[in-house]
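These are my notebook entries on one protein chain, written down in the order in which I looked things up. I begin with a single residue and then move out to sheets, charged pairs and the surface.

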Amino acid sequence: SVEDSNTIEDEKFTCFIHLERLKPTATEGNPDYFTINTDAWVSGGLRFGCMRKDETWNCDRSCYPFDGTFPDWSNKTYLTFLAKIEGGIDADCRPTITLTGGGWPRKNSNAIVLEKSFVDYGYLIRDEWRRVLIPLDVLMTTEWDLIDVYGMHFGTCGTSHEKPQPKYHIASLSVTNNAIELISNPPSSSPSVYVTNDQLLATHRFVHTNWYPVYRPEIEPKGHLWVAAEKNLWPNLGTADPQTVTILIPKDQAVVYSGADAIKYDKIIVRGLLTIQPNNSDVFLTTNTIIVEREGVLDIKTDNNSPYTITLEIDGALDVLKDPQQTMVGILALEGSLSITGNNVVTKMAGLIDDAIAGSTVLKVNGVDLGFEL
């Protein structure tokens, strides 16, 4: 039988790398939590697969997956775990992770720095568990597709680093095909967070797991016009250059839009109530972004059996300077309420007759005329 070597008693057969030198620890009563130390010369980590073979060359002592084989992660999608970090972490010393394996001679994966899009809030800290999500394809190299994983290594910062070396606290390590939703990193090193009692000082608001810029008239580019609804009526502007006008529905306003405005708005910000609904004619509205703020309500609806339609066209370009996370094009319910209702659509999906080819301008589908426009 194959024994489980997930222990720290015997350096020769332990699943920890450099046990005597680095003295990694596992918390008693919690096998999913362990601490990996490093020094200036070597990294720490875990071994996988067979650790010892008997005289008949059969594996009799094994680390994960505890059956004598080395794990194959080529058909998996994500590596996830919880992490905390200690040590002299700075611009020249970043926490890293690599894999080794692929038979002999050993192959190395790409090294991943545990920060930015891989970690909650974009970086690890000492006093709080943060989630890590690493797509396994970014660890893969042209030489190795993560078959037969032998070891997982948490990196040292080397002999030139004069501060304490990294110390990694790791829990709930898993390889999975299911992604977890990380909390995104702040858009700047010190954003002024949206708070209800001091909104005017905010540069960004934090909703669920993401940061969103706060928009106000005084921070718009020159020539941009903000127009607030009054007397529960949609503003009548006549004409305006594309993406130069923001419509604001204040908290005390309840506006019904039933028009076919030719203006291409930049933003529509809803803090009160905005209903988009036909009134004896089709409705058309073009904008870059609709933002439904906290306590705001956006209701897009047609009555049962109404012959009229609503066309809401999102026409805008991503701006990586203003919006580095590229989240601000479309309809965003930032703690506001959004509802969209209308007549039942008889045909919701249709299969393709031919394969979709990159660069083609035509899609051929089975079934009735769906009324799609490309």
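Entry 1, a threonine in a strand. Leaving aside its neighbours within four places in sequence, which residues is Thr286 in contact with? I noted first that I am working with a predicted model, and then I listed the partners, which are Ile263, Lys264, Tyr265, Glu313 and Asp315. I found Thr286 itself in strand β22, which covers residues 283–292. I then looked up its accessibility and found a relative accessible area of 2%, so Thr286 is buried, the cut-off being under 20%.

Entry 2, a second threonine. I turned next to Thr246, whose place is in strand β18, residues 245–249. Is Thr246 buried or exposed? Its relative accessibility is 0%, and therefore I wrote Thr246 down as buried. When I set aside its neighbours within four places in sequence, I found Thr246 in contact with Glu220, His224, Leu225, Trp226 and Val227, and also with Asp266, Lys267 and Ile269. I also looked up its distance to Thr289: the two C-alpha atoms are 9.4 Å apart in space, while the residues are 43 apart in sequence.

Entry 3, the chain as a whole. After these two residues I wanted the wider picture, and I recorded two helices and 26 strands as the secondary structure of the chain. The chain has 374 residues, and 40% of them count as buried. I then looked at contacts with a separation of 6 or more, and found that residues 24 or more positions apart account for 57% of them. The exposed area of the chain is about 21200 Å², and carbon and sulfur atoms supply 50% of that area.

Entry 4, an antiparallel sheet. I reminded myself that strands of a sheet pair through backbone hydrogen bonds, either parallel or antiparallel. In what order do the five strands of the open antiparallel sheet come? I read the order as β3-β4-β14-β8-β12. At its edges I found β3 (25–26) and β12 (130–135), each of which pairs on one side only. Within this sheet I followed β4 (residues 33–37) to β14 (residues 167–176), and I noted that five bridges join these antiparallel strands. One residue I traced across was Asn37, whose bridge partner in β14 is Lys167.

Entry 5, a parallel sheet. I then looked up another open sheet, in which four strands follow the order β19-β21-β23-β26 with parallel pairing. Why is one side of β19 and of β26 left without a neighbour in the sheet? β19 (254–257) and β26 (337–341) stand at the edges and each has a single partner strand, so one side of each has no neighbour there. Neighbouring strands of this sheet are turned by 10° against each other on average, with direction ignored. For a closer look at one pairing I chose β19 and β21 (residues 273–276), which run parallel and are joined by four bridges. Here I noted Tyr257, whose bridge partner in β21 is Ile276.

Entry 6, charged pairs. I counted 14 salt bridges in the structure. I began with Asp120 and Arg131, which form a salt bridge whose closest N and O atoms are 2.9 Å apart. Asp120 lies in the loop between β11 (112–113) and β12, whereas Arg131 lies in strand β12, so this pair ties together parts that are eleven residues apart in sequence. Asp120 is buried, with a relative accessible area of 5%, whereas Arg131 counts as partly exposed at 27%.

Next I looked at Glu128 and Arg130, which form a salt bridge with the closest N and O atoms 2.8 Å apart. I noted Glu128 as partly exposed at 34% relative accessibility, and Arg130 as buried with a relative accessible area of 7%. I also found that salt bridges sharing partners join Glu86, Arg126 and Asp127 into one network. In the pair Arg126 and Asp127 the closest N and O atoms are 3.9 Å apart; Arg126 is exposed at 51%, and Asp127 counts as exposed at 66%.

Entry 7, a nonpolar patch. Last, I looked at the surface, where Ile314, Leu318, Val329, Ile331, Leu338 and Ile340 form a nonpolar patch with about 470 Å² of accessible area together. From this patch I picked Ile331, which lies in strand β25 (residues 330–333), and which counts as partly exposed at 33% relative accessibility.

Methods:
Residues are numbered from 1 along each chain as its sequence is written. This is a predicted model: local features need pLDDT of at least 70, side-chain atom pairs count only at pLDDT 80 or more; totals for chains, interfaces and linings use all residues. Side-chain values use heavy atoms; hydrogens and water are left out. Buried means under 20% relative accessible area, exposed over 50%, partly exposed in between (1.4 Å probe, protein chains only). Contact means heavy atoms within 4.5 Å. Accessible areas come from the Shrake-Rupley method with a 1.4 Å probe; for residues, only the protein chains shown count as cover. Patches are made of residues with over 30% relative accessible area and no salt bridge: like charges are joined within 9 Å, nonpolar side chains (Val, Leu, Ile, Met, Phe, Trp, Tyr) within 5 Å. A salt bridge is a side-chain nitrogen of Lys or Arg within 4 Å of a carboxyl oxygen of Asp or Glu. Two strands pair if DSSP finds at least two bridges between them. Axes are lines fitted to C-alpha atoms, for helices over the stretch in contact, and angles run from 0 to 180 degrees between N-to-C directions.
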